[in-house]
Amino acid sequence: MTIFEYLMVLVSIILGLGMTQALRGLSKIARSDAPYRALTLWVIVLIYLYMQVWWALWDLNEIAVWTQVYFSLIVFIPCAMFAATELLVPMGTTSETDWQAHFFKVRGWFFAAMLVFTVLATLETRILLGVPLTHPYRLMQVSVMVLEIIGFVTSNPRVHAWLPALVIAILFAGQAFFRLLPGLG
C-alpha cells in the first residue's frame, strides 16, 4: 500500500458517510409532506460534489512527500462537505419536516460550510498540485464562491430558488471543460 492509498482511506470514509447522508436525506425529502425544491437541488449538488471530489482525488496520487498539513487540508475538504450535508438533511428529520423552514433556519451555516469547502478545494489544487491562480478552472471556482456568498447573505426565497440550478450549471460546465479525465486539463 502506498502512502497515498493509506491517507485516502480516512478521506474515503468521510466521503462515503457524506454520500450516504445525502442519499438518505434525498429519500426523506421524497417521502416528505412538505419538500422544498431549492433544498432538494442542493442535496443533488452535494451528491454530485461527493462524486466529483472522489474523482479529483486521483490527481493527488503523484505527490511524493506528504505532510500532516497536506493531509489535514485534504481531510477538511470532505469534512466541510459532510457538515453542509448534515446541516441540510440532518438525521433527526421526519416526513413531517417543513423543509423550507428548515433550510432558512440553517441557511447561513450551510453556505458557510459550502464556502469553506470551495475555498479548501481551491487551495488544495494550488498548494498540492501547483495549479496556477490564473488557470481557467478558477473562473468556475470563483463563480461558485460568489453564489455561495449570495446564499449566505440573502434570505430571499426567489434568489434561493435559482442558486442551486446555477451552481449545477457551473459544475457541469467545469466538468465538461476540465475534468472529464483525471487532472485539471
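A residue is called buried if its relative accessible area is under 20%, exposed if over 50%, and partly exposed in between, using a 1.4 Å probe and protein chains only. Take Phe152: at 42% relative accessibility, Phe152 counts as partly exposed. This is a predicted model, where local features need pLDDT of at least 70, side-chain atom pairs count only at pLDDT 80 or more, and totals for chains, interfaces and linings use all residues. Residues are numbered from 1 along each chain as its sequence is written, and side-chain values use heavy atoms, with hydrogens and water left out.

Let's stay with Phe152 for a moment. You'll find Phe152 in helix H5; helices here are DSSP runs of H or I with at least four residues, strands are runs of E with at least two, and both are numbered from the N terminus. Leaving aside residues up to four places away in sequence, Phe152 touches Arg107, Gly108, Phe111 and Ala112, where a contact means heavy atoms within 4.5 Å. Gln100 is 52 residues from Phe152 along the chain, and their C-alpha atoms are separated by 16 Å.

Now for the inside. A nonpolar core is a set of buried Ala, Val, Leu, Ile, Met, Phe, Trp, Tyr and Cys residues joined through side-chain atoms within 4.5 Å. The largest one here has 56 residues, and Leu39, Trp42 and Phe110 touch the most other members. Which elements give two or more residues to this core? They are H1, helix H2 (37-56), helix H3 (68-88), H4, helix H5 (137-153) and helix H6 (157-178). H2 supplies the largest share, 12 residues. As a general backdrop, nonpolar side chains tend to be buried together in soluble globular proteins.

Trp42 is a good place to look around. Not counting residues up to four places away in sequence, Trp42 touches Leu88, Phe103, Phe110, Phe111, Leu163, Pro164 and Val167. Several aromatic names turn up there, which brings us to the rings. Rings of Phe, Tyr and Trp (its six-membered ring) pair if their centres lie within 6.5 Å; planes under 30 degrees apart count as stacked, over 60 as edge-to-face and the rest as tilted. The structure holds 10 such aromatic pairs. Why is the pair of Phe103 and Phe104 edge-to-face? Their ring centres are 5.2 Å apart and their planes sit at 85 degrees, so the pair earns that label. Phe103 is buried, with a relative accessible area of 0%, whereas Phe104 is partly exposed at 23%. Phe110 and Phe111 also pair edge-to-face, at 5.0 Å centre to centre and 70 degrees between the planes. Phe110 counts as buried at 0% relative accessibility, and Phe111 is buried at 0% too. Ring pairs link Tyr36, Trp42, Phe103, Phe104, Phe110 and Phe111 into a cluster.

Helix H4 (residues 99-127) is also home to Val106. Is Val106 buried or exposed? At 11% relative accessibility, Val106 counts as buried. Thr122 is 16 residues from Val106 in sequence and 24 Å away in space, C-alpha to C-alpha.

Over on the surface, Met1, Tyr6, Val9, Leu10, Ile13 and Leu17 make a nonpolar patch of about 660 Å². Patches are made of residues with over 30% relative accessible area and no salt bridge, joining like charges within 9 Å and nonpolar side chains (Val, Leu, Ile, Met, Phe, Trp, Tyr) within 5 Å. A salt bridge is a side-chain nitrogen of Lys or Arg within 4 Å of a carboxyl oxygen of Asp or Glu. The areas come from the Shrake-Rupley method with a 1.4 Å probe, and for residues only the protein chains shown count as cover. Leu10 lies in helix H1 (residues 3-30) and is partly exposed, with a relative accessible area of 39%. Ser12 is found in helix H1 as well, and is partly exposed at 22%.

Last stop: Asp33, in the loop between H1 and H2. Asp33 is exposed, with a relative accessible area of 63%. Not counting residues up to four places away in sequence, Asp33 touches Ser95 and Glu96. Asp33 and Thr93 are 60 residues apart in sequence and 12 Å apart in space, C-alpha to C-alpha.
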